[in-house]
Amino acid sequence: MRWCLILVALLLVIGAGVRLATLTLGRQASSSAAPDRSELLAQLRTVQQSQHGPQAVLDVSSQPWFATQGIRQLQRFVFDPEAAVYLGVGDDGAPGQAGLDDNANGIPDDPSEIGAVGSDDTCVSPADDHYLAVQQSSQSVVVSRGAWVASNAPSESARYRIPSLGWILP
Ligand SMILES: [Ca+2]
Ligand SMILES: [Ca+2]
C-alpha cells in the first residue's frame, strides 16, 4: 500500500513536470515567432500615412518586418452589420456527414442536418477563405449577420489581417 502511494505521487510529479516543460517550450516557441507589436504597428502606420485616404489593400512590401515575413499586401476590413455569415456543407458536399442520417429523421443528408456535430460542415464569414464558394452553394444557409468585410470605407475600427498572426488593430 505504501509503495502504491509513493508510485502515484511519483507519477503525479512526473506528469506535472512534463506539463510545465510543455507550457514553457510552447511559450518560448510562440514568443520567438511573434513580432514586436509596437514595431509592427509603427511600420503599418508608416504605410497608412503615405496613402491618400484608406485603401482596401495596403502595400507593406517596403517595411522591414513585413518583408522578412514575405508579406507584400494587407487587406483592410471594416465591420458590416449586414454581412452574411454562412454555414456550408464542407468538402463532403452533403449536409452533416455524407451518407449518414445525422439527425435520425430517416432521411440521410437532408438539409436539416447542416452543421451536425462531427461533420465537416463549416461556418464562414467574408474574411475567411472559401467564403465565395460557400456563399454560392445552394446548400449553404445564412446563420447570422454582422462580420468584417474587405473595404476602403471610412471606419475608426478598421483592421487588417495577417494570415499567420490574425487580426491587427492599428
Ligand atoms: Ca458535410
Ligand atoms: Ca436526416
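V57 sits in strand 1 (residues 57–59), where helices (H or I, at least four residues) and strands (E, at least two) are DSSP runs numbered from the N terminus. The model is a predicted one, so to speak of local features takes a pLDDT of at least 70 and side-chain atom pairs count only at pLDDT 80 or more, while totals for chains, interfaces and linings use all residues. Residues are numbered from 1 along each chain as its sequence is written, and chains are lettered from A and ligands numbered from 1 in the order in which they are written.

Back to V57. This residue is partly exposed, because 13 other C-beta atoms lie within 10 Å; with C-beta atoms placed from the backbone, a residue is buried if 20 or more others lie within 10 Å of its own, exposed if 12 or fewer, and partly exposed in between. Leaving aside residues up to four places away in sequence, V57 touches Q73 and Q75, a contact being two C-beta atoms, placed from the backbone, within 7 Å. V57 also stands opposite Q75 in strand 2. Much further along the chain comes A150, 93 residues from V57, and the two C-alpha atoms are separated by 8.5 Å.

As for the overall layout, the protein has four helices and six strands. Read from the N terminus, the order of elements is α-α-β-α-β-β-α-β-β-β. Of its 170 residues, 14% count as buried. Among contacts with a separation of 6 or more, 54% come from residues 24 or more positions apart.

Confidence is uneven along the chain. The mean pLDDT (the predictor's confidence in each residue, from 0 to 100) is 85 for the protein, and 80% of the residues reach 70 or more. Among the elements, strand 4 (residues 141–150) has the highest mean pLDDT, 97, and helix 1 (residues 2–33) the lowest, 51. Over residues 20–32 the pLDDT is below 50, and beyond near neighbours in sequence this stretch has zero contacts in the model.

Strand 2 (residues 73–88) turns up again and again in the strand pairing, where two strands pair if DSSP finds at least two bridges between them. Strand 1 and strand 2 run antiparallel and are joined by three bridges. Strand 2 also pairs with strand 4, again in the antiparallel sense, over eight bridges; here F79 stands opposite W148. Three bridges join strand 2 to strand 3, and these two run antiparallel as well, with G88 opposite T122 in strand 3. Then there is strand 5 (residues 159–162), which pairs with strand 2 in the antiparallel sense over three bridges. In strand 5, Q75 has R161 as its bridge partner, and R76 has Y160. Q75 thus appears in two places, opposite V57 and bridged to R161.

The chain of pairings carries on from strand 5. Strand 5 and strand 6 (residues 166–168) pair in the antiparallel sense over three bridges, and they form a hairpin with three residues between them. R161 has W167 as its bridge partner in strand 6.

Turning to the interior, the largest nonpolar core is made up of six residues: L40, L44, L58, V60, F66 and L74. The term covers a set of buried Ala, Val, Leu, Ile, Met, Phe, Trp, Tyr and Cys residues joined through C-beta atoms within 7 Å. In soluble globular proteins, nonpolar side chains tend to be buried together. One member, F66, touches Q43, V60, S61 and I71, not counting residues up to four places away in sequence.

R37 offers a contrast in setting. This residue belongs to helix 2 (residues 37–49) and is exposed, because just 10 other C-beta atoms lie within 10 Å. R37 and I168 are 131 residues apart in sequence, and 9.4 Å apart in space from C-alpha to C-alpha.

Two loop residues deserve a word for their backbone angles. D109, in the loop between strand 2 and strand 3 (122–124), has a positive phi of about 60 degrees although it is not a glycine. D109 is partly exposed, because 19 other C-beta atoms lie within 10 Å. H130, in the loop between strand 3 and helix 4 (131–136), likewise is not a glycine and has a positive phi, of about 70 degrees. H130 too is partly exposed, because 14 other C-beta atoms lie within 10 Å.
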